[in-house]
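Visitor: I'd like a close look at one part of this model, please, with the cut-offs spelled out.

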Amino acid sequence: MDNMQTTYANNSIKLGNDLIHLSKKLKSKFPNLNSGMAIYTLLSFFSMSETEIEEWNVSAKEITDIKNTLHTLPIFFHQNVLRLFNDRFYKEVIENSHLITYKDAQMVAIENSLLESCQEYQAQLKLIPSPFEVIYLYCELGIDIKDQWKNAKKDEMLFFLNSADTQHKIINDFCNQFEEKFSKELKQGIIND
């Protein structure tokens, strides 16, 4: 592993630790917090003022550090950080969670929606999005316009936003699909095979 890969690996671990630390703070305010909503809230801090952030009993410096680490870490590493965060979230932030291993049609539909969002983002902007950004945008759609959607899409959004047990599986499977779809492209210039 070269120096940059070591730096990226270390930054990935630090980012995962920072995200868990802040999620624990959020959990004290939101007892029903799940990993998707934690990601949404944490990334929402990026557009808030220092005063707004500190109203949440969170340090603006912590948010700036996370934002900077996320922006300097190549997207290739984001899926691993997301997967690590998601797994740790359900072990360290939500105690006694009942993680599922099966997959139903609604879960597959959500995973497909997330991957389709990546492909649309890439087609429009000619960039591969961060999987964190995809989760953020998906949650934002569900929160902002869920009342205007057709029932099936509305049900899909509500299921994702409110189902912590299945959300763990959906996010991890999405990370696997994201890696399968974009890994070769994202490795270029970062990983020396």
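Visitor: Which residues in H4 are buried?

Guide: Happy to help! This is a predicted model, so local features need pLDDT of at least 70 and side-chain atom pairs pLDDT 80 or more, while totals for chains, interfaces and linings use all residues. Numbering starts from 1 along each chain as its sequence is written, and side-chain values use heavy atoms, without hydrogens or water.

In H4, the buried residues are Ala60, Glu62, Ile63, Ile66, Thr69 and Leu70; buried means under 20% relative accessible area, exposed over 50% and partly exposed in between, with a 1.4 Å probe and protein chains only. Helices here are DSSP runs of H or I with at least four residues, numbered from the N terminus. H4 covers residues 60-72, 13 residues in total. From first C-alpha to last, H4 reaches 18 Å, close to the 18 Å expected, where the expected span is 1.5 Å times one less than the number of residues. As background, an α-helix has 3.6 residues a turn, so residues three or four places apart point the same way.

At the N-terminal end, serine 59 caps H4, with a side-chain oxygen 3.1 Å from the backbone nitrogen of lysine 61.

For context beyond H4, there are 10 aromatic pairs, meaning Phe, Tyr or Trp (six-membered) rings with centres within 6.5 Å; planes under 30 degrees apart are stacked, over 60 edge-to-face and the rest tilted. Tyrosine 40 and tyrosine 136 are stacked, because their ring centres lie 5.0 Å apart and their planes at 15°. Ring pairs also link Tyr8, Phe76 and Phe77 into a cluster.

Definitions and conventions
Helices (H or I, at least four residues) and strands (E, at least two) are DSSP runs, numbered from the N terminus. A polar contact is a pair of N or O atoms within 3.5 Å; within protein, one must be able to donate a hydrogen and the other to accept it, and residues adjacent in sequence count only if both atoms are side-chain atoms.
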